[in-house]
Amino acid sequence: MSIEIVGPEAEALLSWAGLCEAFEAGHRLPRAEINDLFLYRGADTLLDRAAWIDGLGSLVKVATVVPGNAARGLPSIHGAVNLFNDQTGVLEALVDFHLVTKWKTAGDSLLSASKLARKDSRNILLVGAGTVARSMIQAYSALFPDAKFSIWNRSPAGAEAMAAADARVTAVGDLEAAVRAADVICTATMSREPLLKGAWLQPGQHIDLIGAYTPAMREADDEVMRRASVFVDSRATTVHHIGELKDPIARGVVTEADIKADFYDMAQGMYRRSSDDEITVAKNGGGAHLDLMTSAYILAMWRQR
């Protein structure tokens, strides 16, 4: 038995359009079985994410999060992605962890934008200047080739560094004004308190919420959720697990029934905006089933090289 090792060099073989097609195909298969396991040692975390999709395969993605690594001169996150054959259960491939994570996260939001953002969107605001924001510039540019990007960050130096590295990007200091002027607003922060205010939103905008991934985190306030049509990548990985939805639902601000659709509703044409004036929100939960679809796509492209 040979196990294929797929490293970061596979990125040259990938396309954002190809990944979105793989996501749509994956959601036409039977609904994924998914589960997560967390282990803790003080501030350190070991996370196991598993998914099985009948007809596609199964995956276990393991990540270690060690904040103290910064003092050691090491990245805080390391991991491995194990991809298993659907029929035999044989380990088929080890796929580069960071490659899978980058393309899964950005592709998730890109698929939502392809369905929910207005086709004439050009002005894109990035809130947060980390690794995910850099990935989103690549991803959004594939869908909106004429896009111009504004970036706001709690630390202005982070936004200014990104702007200096890319002529399409402008650093901004007034978040409210930048939100009001944007066609697409993408938040990718570690915020526990809402940064994005619903009072700032304008008709026709699309909001892409990436950062909040625990019950204690939120990037958008209650008014955003009230004013917008809310979509999620997966009800199973967002509604009862992420503060962006769990908190306002628990307080009666919105209900589960207010969620218009998730990716499994795409085939029925339900994952779409209904008018040019509609404000849409997509919550990127990034479940393990999307890691599986991404890894299977990467392996397929690797084998075709």
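Is Asp-247 buried or partly exposed? Select Asp-247 and look: the residue is partly exposed, with a relative accessible area of 28%. Keep in mind throughout that this is a predicted model.

**Stop 1: the salt-bridge network**

Stay on Asp-247 and add Arg-251. Their side chains meet in a salt bridge, 3.1 Å from N to O. Arg-251 counts as partly exposed, at 45% relative accessibility. Now widen the selection to Arg-218, Asp-222 and Glu-244. Salt bridges that share partners join these three with Asp-247 and Arg-251 into one network.

Zoom in on Arg-218 and Asp-222. This pair forms a salt bridge of 2.8 Å, N to O. Here both partners are buried. By contrast, Asp-247 is partly exposed because its relative accessible area, 28%, lies between the 20% and 50% cut-offs.

**Stop 2: helix 9**

Select residues 243-250, which make up helix 9. Which residues of this helix are buried? They are Gly-243, Glu-244, Leu-245 and Pro-248. Glu-244 is already on your screen as a member of the network.

Next, show what these buried residues pack against. Three of the partners are strands 11 (206-209), 12 (229-232) and 13 (259-261). Strand 14 (280-283) is also a partner. Helix 7 (222-227) and helix 8 (235-238) complete the list.

Step past the end of the helix to Gly-252. Its phi is positive, near 80 degrees.

**Stop 3: a buried pair across the chain**

The structure holds 21 salt bridges. Go to the one between Lys-104 and Asp-291, where the side chains meet at 2.9 Å, N to O. The pair links distant parts of the chain, with the two positions 187 residues apart in sequence numbering. Lys-104 sits in helix 3 (residues 97-116), and Asp-291 sits in helix 10 (residues 288-303).

Are these two partners buried or exposed? Lys-104 is buried, with a relative accessible area of 3%. Asp-291 is buried too, at 0%. Both values fall under 20%, so both residues count as buried.

**Stop 4: helix 3 against helix 10**

Keep those two helices and hide the rest. At what angle do helix 3 and helix 10 pack? The angle is about 115 degrees, and the axes are 9 Å apart. The two helices are therefore roughly perpendicular to each other. Their crossing is right-handed.

Now show the side chains at the contact. From helix 3, pick Leu-99, Val-100, Trp-103, Lys-104 and Asp-108. From helix 10, pick Leu-290, Asp-291, Thr-294, Ser-295 and Ile-298. By class, this contact has five nonpolar, two polar and three charged residues. Lys-104 and Asp-291, the salt-bridge pair, are among the residues that meet here.

**Stop 5: helix 1**

Select residues 16-26 for helix 1. Its buried residues are Trp-16, Gly-18, Leu-19, Cys-20, Phe-23 and Gly-26. What covers them? The cover includes helix 3 and helix 10, from the previous stop, and also helix 4 (131-143).

**Stop 6: out to a loop**

Follow helix 4 towards strand 8 (148-152). Asp-146 lies in the loop between them. At 52% relative accessibility, this residue counts as exposed. The cut-off for exposed is over 50%, so Asp-146 passes.

Finish with a distance. Select Asp-146 together with Tyr-40. They are 106 residues apart in sequence. In space, C-alpha to C-alpha, they are 45 Å apart.

Definitions and conventions. Residues are numbered from 1 along each chain as its sequence is written. This is a predicted model: local features need pLDDT of at least 70, side-chain atom pairs count only at pLDDT 80 or more; totals for chains, interfaces and linings use all residues. Side-chain values use heavy atoms; hydrogens and water are left out. Buried means under 20% relative accessible area, exposed over 50%, partly exposed in between (1.4 Å probe, protein chains only). Helices (H or I, at least four residues) and strands (E, at least two) are DSSP runs, numbered from the N terminus. Contact means heavy atoms within 4.5 Å. A salt bridge is a side-chain nitrogen of Lys or Arg within 4 Å of a carboxyl oxygen of Asp or Glu. Axes are lines fitted to C-alpha atoms, for helices over the stretch in contact, and angles run from 0 to 180 degrees between N-to-C directions. Angles under 35 degrees count as roughly parallel, over 145 as roughly antiparallel, 65 to 115 as roughly perpendicular and the rest as oblique. A crossing is left-handed if the near helix is turned anticlockwise from the far one by less than a right angle, and right-handed if clockwise. Ala, Val, Leu, Ile, Met, Phe, Trp, Tyr, Cys and Pro count as nonpolar, Asp, Glu, Lys and Arg as charged, and the others, Gly among them, as polar.
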